[in-house]
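Let's take a walk through a protein model together. Keep the 3D view open and turn it as you read.

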2 protein chains.
Amino acid sequence: MRKTRKNRNTPELIIKKSLEMFNKQGERNVTTNHIAQQLDLSTGNLYYHYGSKDEIILELARRYTNEFNEIIQRSISNSVEFGSIIQLLEDIIGLRWEYRFIMHGKFGMFPFNENIKSTYFATEHSNIELPASRFFQKLYDFGIFNIQQQDLDLLARQFSLLQEAWLSMQILNMPTRPSTEIISAGRHYMLKFIYPTLNKEWQCKCDSVFLAEPPSTATLFTSPQ
Amino acid sequence: MRKTRKNRNTPELIIKKSLEMFNKQGERNVTTNHIAQQLDLSTGNLYYHYGSKDEIILELARRYTNEFNEIIQRSISNSVEFGSIIQLLEDIIGLRWEYRFIMHGKFGMFPFNENIKSTYFATEHSNIELPASRFFQKLYDFGIFNIQQQDLDLLARQFSLLQEAWLSMQILNMPTRPSTEIISAGRHYMLKFIYPTLNKEWQCKCDSVFLAEPPSTATLFTSPQ
């Protein structure tokens, strides 16, 4: 017999378990029944807190975009230093890996679900795209880029899209890979992407990162070898 | 009463209709029943030709990677000219748009379907990645890149991944958009990506493309505005 215990925060448990299962098995293979089962809940109890799988997905997407925004906002208020930019990059990759089913969803699930699509992208625009764009503008004003102002916004968006796509492909290789490995490989991958757009001084800073910790081909590449 | 007419090439009709429906509605929303219905076939007749939806997907993936390979092989045997590289870029983007459900699948569907995952990536590796990598090597040997040899393979793969991810995002905006528009926007998007890695001469060639036909912000960006 299933019973919900008192004193446990059921909505929070549902959210945590859903994230874990979506990441591991793929959102499309996980139903609300599976989630309830794993938590030893009745499906009715789950529906009492979240009316549908979509509602769980939207709550996770809301948390993800809010956390993303907070990380960037903190960085915008700091001074521009190489070390703190590497830290920002690592924080973002770590967060994206934590919510990695959303990267898949963005390419595969959201486009055909009008409810998730419109709600998610409204949040993404204000909590990810705009702050990221402001952060790239700050770097540009500081003079680290060797590109034209008119290409800055495109660079910011390509940076973001490539990071998401790369993470999506990593799930192919090892969905349960430790986040420390992903963060280290992702840092190299994204520095290599941005390298040709940097001024000489910042290219040297990147070179010293590559020298100290040479990126392994196996971790950089995106498809199964 | 449903009847299959004689004289029609049923397997070919199934493939064409499946591609059309996968692209338009998303592969996950299309069942073999839907496909049979649209073709006025019995489900049994469909299963006589293709034992499952996976078999249809794999046949489409096989055609896509073969055509991709052929386009690149043709280009490898030509001399290196700016015009023919633009042509190659347009051909590839056009082909990818024609089979766009596969881009979605790669990020969203394949990772959790072992059968499709292993079969697709074996073909992708030999028919897309290796030829693309050889083509980038040819461009490098010709001297158009201002990067180091050791970064060439990474550039080729980033180029490919970004192209796929960008196309995936275009489906969000308009899955039925005419391929001519996509090809034109995609050409600009990918030239902008590769621009900082090119030597001065080839940057000038790109500049003249941008001048003649300025990329519109709306078509370049990936998310709904």
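Start where the two chains meet: across the interface of chain B and chain A, four salt bridges turn up. Keep in mind that this is a predicted model. One salt bridge to look for joins the side chains of A:Asp151 and B:Lys192, with N and O 2.8 Å apart. The interface of chain B and chain A also has six residue pairs in polar contact.

Which parts of chain B do the touching? Helix H1 (10-25), helix H6 (100-108), helix H7 (114-142), H8 and H9 of chain B each bring at least two residues to the side that touches chain A. H8(B) gives the most, with twelve residues. Sort that side of chain B by class and you get 19 nonpolar, twelve polar and eleven charged residues.

So how big is the meeting place? The size of an interface is often given as the accessible area lost when the parts come together. Here, about 3900 Å² is buried between chain B and chain A, and carbon and sulfur atoms give 68% of that. On the chain B side, B:Arg28, B:Phe112 and B:Leu172 lose the most area to chain A, and together they make up 18% of what that side buries. As for residues taking part in the contact, there are 42 from chain B and 42 from chain A.

Now zoom in on chain B, on helix H8 (residues 152-173) and helix H9 (residues 179-194). Their axes come within 11 Å and cross at roughly 145 degrees, and H8(B) passes H9(B) in a right-handed crossing. On the H8(B) side the contact includes B:Leu155, B:Phe159, B:Leu162 and B:Trp166, while H9(B) offers, among others, B:Ile182, B:Gly186, B:Tyr189 and B:Phe193. What classes of residue make up this contact? The contact of H8(B) with H9(B) has eleven nonpolar, four polar and no charged residues.

Next stop: B:Thr123, which sits in helix H7 of chain B. B:Thr123 and B:Thr65 are 58 residues apart in sequence, yet their C-alpha atoms are 6.6 Å apart in space. Leave aside its neighbours within four places in sequence, and B:Thr123 is in contact with B:Thr65 and B:Ile128. The side chain of B:Thr123 also has a polar atom 2.7 Å from the backbone oxygen of B:Thr119.

Over in chain A, what is the fold built from? Chain A has eleven helices and zero strands. Its C-alpha trace spans about 65 × 35 × 35 Å along the principal axes. Chain A also has a salt bridge of its own, between A:Glu12 and A:Arg63, with the closest N and O atoms 2.9 Å apart. This pair links distant parts of the chain: A:Glu12 is in helix H1 (residues 10-25) of chain A and A:Arg63 is in helix H4 (residues 53-77) of chain A, 51 residues apart. Over all chains, the structure holds 30 salt bridges.

Here are the two salt bridges named above, ready to find in the viewer.

| Salt bridge | N to O distance |
|---|---|
| A:Asp151 and B:Lys192 | 2.8 Å |
| A:Glu12 and A:Arg63 | 2.9 Å |

Note on methods
Residues are numbered from 1 along each chain as its sequence is written. Chains are lettered from A and ligands numbered from 1 in the order in which they are written. This is a predicted model: local features need pLDDT of at least 70, side-chain atom pairs count only at pLDDT 80 or more; totals for chains, interfaces and linings use all residues. Side-chain values use heavy atoms; hydrogens and water are left out. Axes are lines fitted to C-alpha atoms, for helices over the stretch in contact, and angles run from 0 to 180 degrees between N-to-C directions. Helices (H or I, at least four residues) and strands (E, at least two) are DSSP runs, numbered from the N terminus. A crossing is left-handed if the near helix is turned anticlockwise from the far one by less than a right angle, and right-handed if clockwise. Contact means heavy atoms within 4.5 Å. Ala, Val, Leu, Ile, Met, Phe, Trp, Tyr, Cys and Pro count as nonpolar, Asp, Glu, Lys and Arg as charged, and the others, Gly among them, as polar. Buried area is the accessible area (1.4 Å probe) that two parts lose on being put together, summed over both. A polar contact is a pair of N or O atoms within 3.5 Å; within protein, one must be able to donate a hydrogen and the other to accept it, and residues adjacent in sequence count only if both atoms are side-chain atoms.
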